[in-house]
Amino acid sequence: MLQTVRLPRVDRTLEVQTILLFADAATPTPYAQYLLLAVMAVMAVGFACGPLILSAILAPRKPNDIKQSTFECGLESKGDPWVQFNVQYYLYALAFVIFDIEVVFIYPWAVAFTGLSFGAFLAMGVFILLLAEGLIYLWIKGVLTWK
Amino acid sequence: MTDWFNNLTPNEQFAIFSLLKIVIAVFAVVLPMVAYSVVAERRISAWIQDRVGPNRVGPFGLLQPAADGLKFILKEDFTPAYARKVYFWLAPAVAMVPALVTLAVIPFGSKLGSQQAVIADLNVGILFTFGIVSLSVYGIVLAGYASNSKYPFLGGIRSSAQMISYEIAMGMSVVPVFMLVGDLNLSAVIDYQKSGAWLILKQPIAFVIFLVAAFAETNRLPFDMPEAESELVGGYHTEYSSMKFALFFLGEYAAMIAVSAMMVVLFLGGWTLPFAGLNAPAESLGMGLLQVGIFIGKLLLFMGLFIWVRWMLPRFRYDQLMDIGWKRFVPLALANIVVTAIYLYLTHGK
């Protein structure tokens, strides 16, 4: 006969945490660094948009059909710009997704490396071997050869 | 003035200094550096090809950036009729921003007064850098897509495949560096190299892979496939003119500066020099500025290399480019990780 299992109730009232920019009177917390990063990002966006806006205001605008036509070495453009392209690009993209994610896994291991046990060393060795195996498989399958 | 400043709390001083650092770094250092690396490129290329180069504006052509900037702003901006307008505007901005944001985590000196000489001292510095660097591919892909034209489209496709391929080699090449250092913070990387044991000596293979990948990531010759003038006219920026084109152009140089700065930090010891007490955090303001100067000097070495290589080597073929990336550098980087791991385990393991 089935019994109802009572799970312990979890208190789900949200704890509102204030993010402190400064730990005490003289020490900034890591959050302060992220705030500065945000300020830098805003500056960078301004740095990119400023000239665009300036040129949009100041530059003359006398459009005509010839100026606005699509570039085609002086001829009239023929056909669809969405030309068919090599499927190989997709294969590289797929391979990239696999390898990039695996590289992200290697990073924390690399940082903690000198303090790790033999088991961790071996486990990561197996992981890297799998990575190498994937590469060899792609290579043999001809995915990495541009046709 | 000094009284007023000394009366502020350390936190207020920190805030003021940090904002000052950002403003000075962007407008007084990066902007002139980008502008003058364009002039340097033109002068050096002229010198290599036995031409005169731009020498008319100001003494030795040094005011050329001002003339160029004015011209870019005042020229008519053509927008092709069939372009996707929003993305067409967005792409140049997207190409410019990542390079600048990357510079935020680079420690460009030890200390200036009591403040650290880095804009944002993140404890995950290198992860942040790689995250942002991979965003730079969007500017080019967007430009290729938005132009709605054949050549930019092909350029955009090519560059996306090229940049993501070399990103893997680049990401893997630095793993041994962090095995040695044991920290992702870029200041810690410099700390590790203080004694003069620069990582270029300990990890020469990693350095070579990173350097070549840097050329590919910034789309510089011999890997300038996305532009490839002789095949794709101008590649992804064929349809761009006026200030929008200039932003792509400046973005490329800003990316070169960012990646050079990363190489200086990761492999050439950052702001340190292993003599005359230059490898310890500066005590005085003058010393701090000198170390910033050392950093910029090393950075300019790499910029010089970028320019020099451009005029020395011909362009690779696309299949060669992908072959080098996937079949040479990725296996080499993997092997480098394994060898470093085994070596470190034998010498430091538990």
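This short talk goes through chain A, its interface with chain B, a nonpolar patch on the surface, and the salt bridges.

Please keep in mind throughout that what we are looking at is a predicted model.

Let me begin with chain A, whose secondary structure comes to four helices and zero strands, so that reading along the sequence gives the pattern α-α-α-α. Of the 147 residues in chain A, 26% are buried, and the area that chain A exposes is about 10700 Å², with carbon and sulfur atoms supplying 68% of it. If we take the contacts in chain A with a separation of 6 or more, 47% of them are between residues that stand 24 or more positions apart.

Now let us turn to the interface, where 72 residues of chain A are in contact with 87 residues of chain B. Between them the two chains bury about 7100 Å², and 77% of that area is on carbon and sulfur atoms. Which elements of chain B give two or more residues to the side that touches chain A? They are helix H2 (10-48), H3, helix H4 (85-102), helix H5 (125-133), helix H7 (150-173), helix H8 (175-181), helix H13 (242-267) and helix H15 (318-348), and of these H15(B) gives the most, with 17 residues. As for polar pairing across this interface, the rule finds four residue pairs in polar contact, both residues being at pLDDT 80 or more, while the number of salt bridges found there is zero.

The two chains also share a feature on the surface, namely a nonpolar patch of about 600 Å², which is made by A:Ile53, A:Leu54, A:Ile57, A:Leu58, B:Leu70 and B:Leu74. The elements that give two or more residues to this patch are helix H1 (30-58) of chain A and helix H3 (64-74) of chain B, and the largest share, four residues, comes from H1(A). To take one of the patch residues, A:Leu58 has its place in helix H1 of chain A and is partly exposed, with a relative accessible area of 48%; because a patch residue needs over 30% relative accessible area, A:Leu58 meets that requirement.

Finally, the salt bridges. Side chains of opposite charge can pair when their charged atoms come close. Over all chains the structure holds eight salt bridges, and I would like to show you three pairs, including one in buried surroundings.

In the pair of B:Asp191 and B:Lys194, the closest N and O atoms are 3.1 Å apart; B:Asp191 counts as partly exposed at 46% relative accessibility, and B:Lys194 is partly exposed too, with a relative accessible area of 24%.

B:Arg220 and B:Glu252 also form a salt bridge, with 3.3 Å between the closest N and O atoms. B:Arg220 lies in the loop between helix H11 (204-217) and helix H12 (229-232) of chain B, whereas B:Glu252 lies in helix H13 of chain B, so this pair ties together parts that are 32 residues apart in sequence. Are these two residues buried or exposed? Both B:Arg220 and B:Glu252 are buried.

The third pair is B:Arg317 with B:Asp319, where the closest N and O atoms are 3.0 Å apart. Here B:Arg317 is exposed, with a relative accessible area of 51%, and B:Asp319, at 21% relative accessibility, counts as partly exposed. Salt bridges that share partners also join B:Glu41, B:Arg220, B:Glu252 and B:Arg310 into one network.

Definitions and conventions:
Residues numbered from 1 in each chain as written. Chains lettered and ligands numbered in written order. Predicted model: local features only at pLDDT ≥ 70, side-chain atom pairs only at ≥ 80, totals over all residues. Heavy atoms only, no water. Patch = residues over 30% accessible without salt bridge, like charges linked within 9 Å, V, L, I, M, F, W, Y side chains within 5 Å. Areas by Shrake-Rupley, 256 points an atom, 1.4 Å probe, with all protein chains shown as cover. Salt bridge = Lys/Arg side-chain N within 4 Å of Asp/Glu carboxyl O. Buried < 20%, exposed > 50% of the residue type's maximum accessible area, 1.4 Å probe, protein only. Contact = heavy atoms within 4.5 Å. Buried area = accessible area lost by both parts, 1.4 Å probe. Polar contact = N/O pair within 3.5 Å; in protein donor to acceptor, adjacent residues only side chain to side chain.
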